[in-house]
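Thank you all for making time this morning. I would like to walk through one structure with you, beginning with charge on the surface and then turning to strands and salt bridges.

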Amino acid sequence: MKLSDRTIENLAKMVTGDAQRFPYRTGSELTKFFKRCGLSFVHDGTTRAKWTSERLAELNLGSAQSADLPSADLCRVITELFDPDDYEDHNDDRADNKGLVSMEEYATIDESLPALNRIIARHGLVAYLDESGRCHLRSTGTGVSTANLTQQTRPLSAEEIVQRQKLAAFLDTASEDDFIEKVLVPLFQRLGFRRVSLTGHKDKSLEFGKDLWMKYQLPTSHWLYFCAQVKKDKIDSNNASGSKNVSNVLTQARMAIDHPIFDSETNRNVLLDHLFLISAGEITKAARSWLVTQLDQSQRRHIIFMDRDEFLDQSARILIDLRLAEEPPTTTDDNLSF
């Protein structure tokens, strides 16, 4: 879907803060704003409104993940437009400079979101905030929403590259339990999975091939159940014979598929829909091929592979603010042992 020129012009005013109730952005702040959207635009010192309108017009020509939604880049811009930190910073800055913020200068999401909806309604779109306060776009015709679309693959930003390196260093030294608890659990939680739970990893008798399980709600309100089998080391086979650790993975995968999960929310046992095979190292092509040939057709459709590179690329974007190591406690006179 391509937005009209008038909509792009109005959207540009909202981005620059020339529209009421939106935070004002200088040229340098516009550069930072687009950088947060994963875009490399740098304000060149020209008129802010004209420059921003031209950049949005370029994004309007980009590819979309759905024919009923604007381009993926424009969707990211609209999502970033309602970052609550920008509104707080704007109001605090005005209060520091003028003492009391006038109603004309006051920025608030409660009034800016309806203003956006008035200009995109003609395109059959509505913007809304989810439970975490993140803005999404939804088509009023088909109901497709940016909240239900997978994140489009794009190059990692500088900050994400640094985070990827930190995650890689963590995987090199972390135990399997640390990998699951400190990284995988928050990753799946942020991806929208519910009830992300460890399943007896320390008590192997209760594990049945599952290191953790979770469930995901479809737009129809139905639930899909997932579990993950996690390996710290590389998953490999010896000439595709299965004589290495891949044979153990196969045994655990069959156990996970055959044994039901108890969902305490519904108070019943449920069968698994999909199984993630996750490795902090590589999952070799030989191992993948051997696994799928050993599983029958009904079992094969349950398996989703995720190796080190795929996991790091996903996590670097989604867990950009994850702290893997806590700061050591500050030593004071009060906590000395003597």
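Let me start with the surface, where Glu-29, Asp-85, Glu-88, Asp-89 and Asp-92 together form a negative patch. Please keep in mind throughout that this is a predicted model. The element that gives the most to the negative patch is helix H5, which spans residues 84–98 and supplies four residues. One residue of the patch that I would single out is Asp-85, which has its place in helix H5 and, because its relative accessibility is 46%, counts as partly exposed.

From there I move to the strands. Strand S3, residues 194–198, runs antiparallel to strand S4, residues 212–217, and the two are joined by three bridges; within this pairing, Ser-197 stands opposite Trp-213 in S4. S4 also pairs in the antiparallel sense with strand S5, residues 223–231, this time over six bridges, and here Gln-217 has Trp-223 in S5 as its bridge partner. S4 and S5 form a hairpin with five residues between them, and in the turn you will find Ser-221, which has a positive phi of about 80 degrees.

Now to the salt bridges, of which a search of the whole structure finds 17. Which residues does Glu-54 bridge to? One partner is Lys-50, with the closest N and O atoms 2.6 Å apart, and since the two residues are four apart in helix H3, residues 48–60, they are separated by about one helical turn. Another partner is Arg-55, where the closest N and O atoms are 3.8 Å apart. As for their surroundings, Glu-54 is partly exposed, with a relative accessible area of 33%, Lys-50 is exposed at 53%, and Arg-55 is buried at 13%.

A further salt bridge forms between Arg-288 and Asp-307, whose closest N and O atoms lie 3.1 Å apart. This pair links distant parts of the chain, with the two positions 19 residues apart in numbering: Arg-288 is in helix H10, residues 285–294, while Asp-307 is in the loop between strand S9, 303–306, and helix H12, 308–318. Arg-288 counts as partly exposed at 25% relative accessibility, whereas Asp-307, with a relative accessible area of 14%, is buried.

Finally, I would point you to a network of salt bridges that links Arg-25, Arg-36, Glu-80 and Asp-86.

Notes
Residues are numbered from 1 along each chain as its sequence is written. This is a predicted model: local features need pLDDT of at least 70, side-chain atom pairs count only at pLDDT 80 or more; totals for chains, interfaces and linings use all residues. Side-chain values use heavy atoms; hydrogens and water are left out. Patches are made of residues with over 30% relative accessible area and no salt bridge: like charges are joined within 9 Å, nonpolar side chains (Val, Leu, Ile, Met, Phe, Trp, Tyr) within 5 Å. Accessible areas come from the Shrake-Rupley method with a 1.4 Å probe; for residues, only the protein chains shown count as cover. A salt bridge is a side-chain nitrogen of Lys or Arg within 4 Å of a carboxyl oxygen of Asp or Glu. Lys and Arg count as positive and Asp and Glu as negative; His and the chain ends are not counted. The place of a charge is taken as NZ of Lys, CZ of Arg, CG of Asp or CD of Glu. Buried means under 20% relative accessible area, exposed over 50%, partly exposed in between (1.4 Å probe, protein chains only). Two strands pair if DSSP finds at least two bridges between them.
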